[in-house]
Amino acid sequence: MDGALLLDKPVGLSSNAALQKAKKLLGARKAGHAGTLDPLASGLLLLLFGEATKFAGPLLDADKEYLATVKLGEKTSTGDAEGQVVETRAVPARIETAMLDGFRGEIEQVPPMHSALKRDGVPLYKLAREGKSVTRAPRKVRISELDLTGFRTPIMELRVRCSKGTYIRTLAEDIGLALGSVGHLAALRRTASGSFRIENAVTLAALEDLTGEERRRRLVSLDALLAGLPRAELDAGAESRFRQGQALPFEGAQGLCGVYGRDGVVGLGRAEAGRLLPVRLTAHRAATQDAE
């Protein structure tokens, strides 16, 4: 049971609850995910099973794409529809799309108080629930694509392609202020994570209707998970040394790469200074060892 499931998570369900349901349906022993979604958000949740859990790192680092619904004229205590309205302002009658230019590219965001970031070991959202607020340093994020897809007062629809660590709630609030109003994130749907898209995802309801074999056929292979990384090919001898933790001479692309042996994915490696170093290794099947 090694692979990933592209799940279309519904609104109202936590990422962990969705993971546990899918894990049970697949009969998997080891499971994780590559980036959570808040209960109020829907869309693509990349669930990892078996050896695929070892590749969460690069999958978490991939750009994400969202469809965001922003309600202008109302600021809430949490930055989304879950909070109480704390301020109201007039809503502009029209929006000039050129104003979005200032939010594209590398920008700085101040993380919201209602987030999982920690201060002295305490999550900020816990401090916020106690009515406390602490200074948060701005963080650099990248908005590679930002399109206005619809506007009907007071609702603005956006498509956002962004880097890891981007807070869409903060983006919604900042855009509201830039329009001379206020705003909050009314709804959010993740439509892509890296090269994986929502169109290829399955809902929990649909997964329940499949047979065990049909569910397993929905899994994305380890090879496909690493498809976006440079590839390092090892012969049997090099694979054996690599699995023992040895660095190998390497002349390929530098940085993180997928490492492959004669029987498939060996794991993740990092190429630097002409050497390939092990990062995460898949379990070496006894059958493969016997075959060698």
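Biologist: Which residue just after helix 4 takes a positive phi?
Modeller: This is a predicted model, numbered from 1 along each chain as its sequence is written; local features need pLDDT of at least 70, side-chain atom pairs 80 or more, while totals for chains, interfaces and linings use all residues. Side-chain values use heavy atoms, without hydrogens or water. Helices (DSSP H or I, at least four residues) and strands (E, at least two) are numbered from the N terminus. Just past helix 4, a phi of about 80° belongs to Gly 180.

Biologist: How many of the 11 residues of helix 4 are buried?
Modeller: Buried means under 20% relative accessible area (1.4 Å probe, protein chains only). Ile 168, Leu 171 and Ile 175 qualify, and so do Arg 169 and Glu 173, among others. Helix 4 is largely enclosed by the rest of the structure, because its buried residues number eight.

Biologist: Which strands help cover the buried residues of helix 4?
Modeller: Cover is judged by contact, heavy atoms within 4.5 Å. The cover includes strand 4, strand 5, strand 7, strand 10, strand 11 and strand 12.

Biologist: Which elements give two or more residues to the largest nonpolar core?
Modeller: A nonpolar core joins buried Ala, Val, Leu, Ile, Met, Phe, Trp, Tyr and Cys through side-chain atoms within 4.5 Å. This one has 25 residues; Leu 146, Met 156, Leu 158, Val 160, Ile 168 and Ile 175 touch the most other members. The elements are strand 4, strand 10, strand 11, helix 4 and strand 12.

Biologist: Which residues of helix 4 (168–178) does Val 160 touch?
Modeller: Leave out residues up to four places away in sequence. Val 160 then touches Lys 64, Glu 65, Tyr 66, Ile 143, Glu 145 and Leu 146. From helix 4, which runs 168–178, it touches Ile 168 and Leu 171.

Biologist: What is the volume of the largest pocket?
Modeller: A pocket is an open set of points on a 1 Å grid where a 1.4 Å probe fits, with protein on both sides within 12 Å along at least five of seven lines. Volume is the space filled by probe spheres set on the points. For the largest pocket that gives about 1300 Å³.

Biologist: Which element gives the most to the lining of the largest pocket?
Modeller: Lining residues have an atom within 4 Å of a point. There are 34, and the closest to the centre are Thr 36, Leu 37, Asp 38, Tyr 167 and Arg 169. Strand 4, helix 3, helix 4 and strand 12 each supply at least two. With five residues, the top contributor is strand 12.

Conventions: Buried means under 20% relative accessible area, exposed over 50%, partly exposed in between (1.4 Å probe, protein chains only).
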